[in-house]
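User: Hi, could you go through this structure with me? I am new to this and would like to take it slowly.

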Amino acid sequence: MVEETLSRLPAPSPGRAVLASLAIAVLAAAFAWTMPERNGWAALALGGALLLDGLALLAGGYLARRGPAPRIAGLPSLVLAFGPAAGLGAVLFAVALLLWPAGFPPVASALAGLIAMGAIARLVVAWIVLRVDREEEA
């Protein structure tokens, strides 16, 4: 049984994640600008997922400033196992769109889903850590 749910990999610098998210957002905005009736909803979904990811990064930073987090035992998370990989996601997204520009809606929707799953998983872990601290104080 795996003892920790969170990855032991060192956290990447927040600046890199912000730059990767910004690159993805600019690329999505460019596709939405050129053909809004076809690409608008996918770009909007991707933008919403990036905002959710930003909130998750802020929550993680808040928890890191509070001190060491309590140990969370349980099954390993498939979403959290690899850590934030926004840089790799941005590169793969750009390559996919270079190879298949007409496929922006399904590619952007899939990326939005993956980003949102990772963000929601990090927010849930942050919520659990905050609840564990409150229960230990009581």
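Analyst: What follows is a chat about the aromatic rings, one serine and the salt bridge of this predicted model.

User: Okay, how many aromatic pairs are there?

Analyst: The count comes to two aromatic pairs. In one of them, the rings of Phe31 and Phe104 have their centres 4.7 Å apart and their planes at 5 degrees, and because planes under 30 degrees apart count as stacked, this pair is called stacked.

User: Where do Phe31 and Phe104 lie?

Analyst: Phe31 lies in helix 1, which covers residues 14–34, while Phe104 lies in helix 4, which covers residues 104–137, so the pair ties together parts of the chain that are 73 residues apart in sequence.

User: And is Phe104 buried or exposed?

Analyst: Phe104 counts as buried, since its relative accessibility is 0% and buried means under 20%. Phe31 is buried as well, with a relative accessible area of 16%.

User: What about the other pair?

Analyst: That one joins Phe93 and Phe104, whose ring centres are 6.2 Å apart and whose planes meet at 55 degrees, so the pair is tilted. This pair also links distant parts of the chain, with Phe93 in helix 3 (residues 86–99) and Phe104 in helix 4, 11 residues apart. Phe93 is buried, and so is Phe104.

User: Phe104 keeps coming up, so which residues form the aromatic cluster?

Analyst: Phe31, Phe93 and Phe104 form one aromatic cluster.

User: Changing topic, what does Ser21 touch?

Analyst: Ser21, which is found in helix 1, touches Leu50 and Asp53 if residues up to four places away in sequence are not counted. Ser21 itself counts as buried, at 16% relative accessibility.

User: Does anything else turn up for Asp53, I mean, which residue forms a salt bridge with Asp53?

Analyst: Arg122 does, and the closest N and O atoms of the two residues are 2.0 Å apart. The count for the model comes to one salt bridge. The pair links distant parts of the chain, because Arg122 is in helix 4 and Asp53 is in helix 2 (residues 36–66), with their positions 69 residues apart in sequence.

User: How accessible are Arg122 and Asp53?

Analyst: Arg122 counts as partly exposed, at 21% relative accessibility, whereas Asp53 is buried, with a relative accessible area of 10%. The label for Arg122 follows because buried means under 20% and exposed means over 50%, with partly exposed in between.

Terms used
Residues are numbered from 1 along each chain as its sequence is written. This is a predicted model: local features need pLDDT of at least 70, side-chain atom pairs count only at pLDDT 80 or more; totals for chains, interfaces and linings use all residues. Side-chain values use heavy atoms; hydrogens and water are left out. Rings of Phe, Tyr and Trp (its six-membered ring) pair if their centres lie within 6.5 Å; planes under 30 degrees apart count as stacked, over 60 as edge-to-face and the rest as tilted. Helices (H or I, at least four residues) and strands (E, at least two) are DSSP runs, numbered from the N terminus. Buried means under 20% relative accessible area, exposed over 50%, partly exposed in between (1.4 Å probe, protein chains only). Contact means heavy atoms within 4.5 Å. A salt bridge is a side-chain nitrogen of Lys or Arg within 4 Å of a carboxyl oxygen of Asp or Glu.
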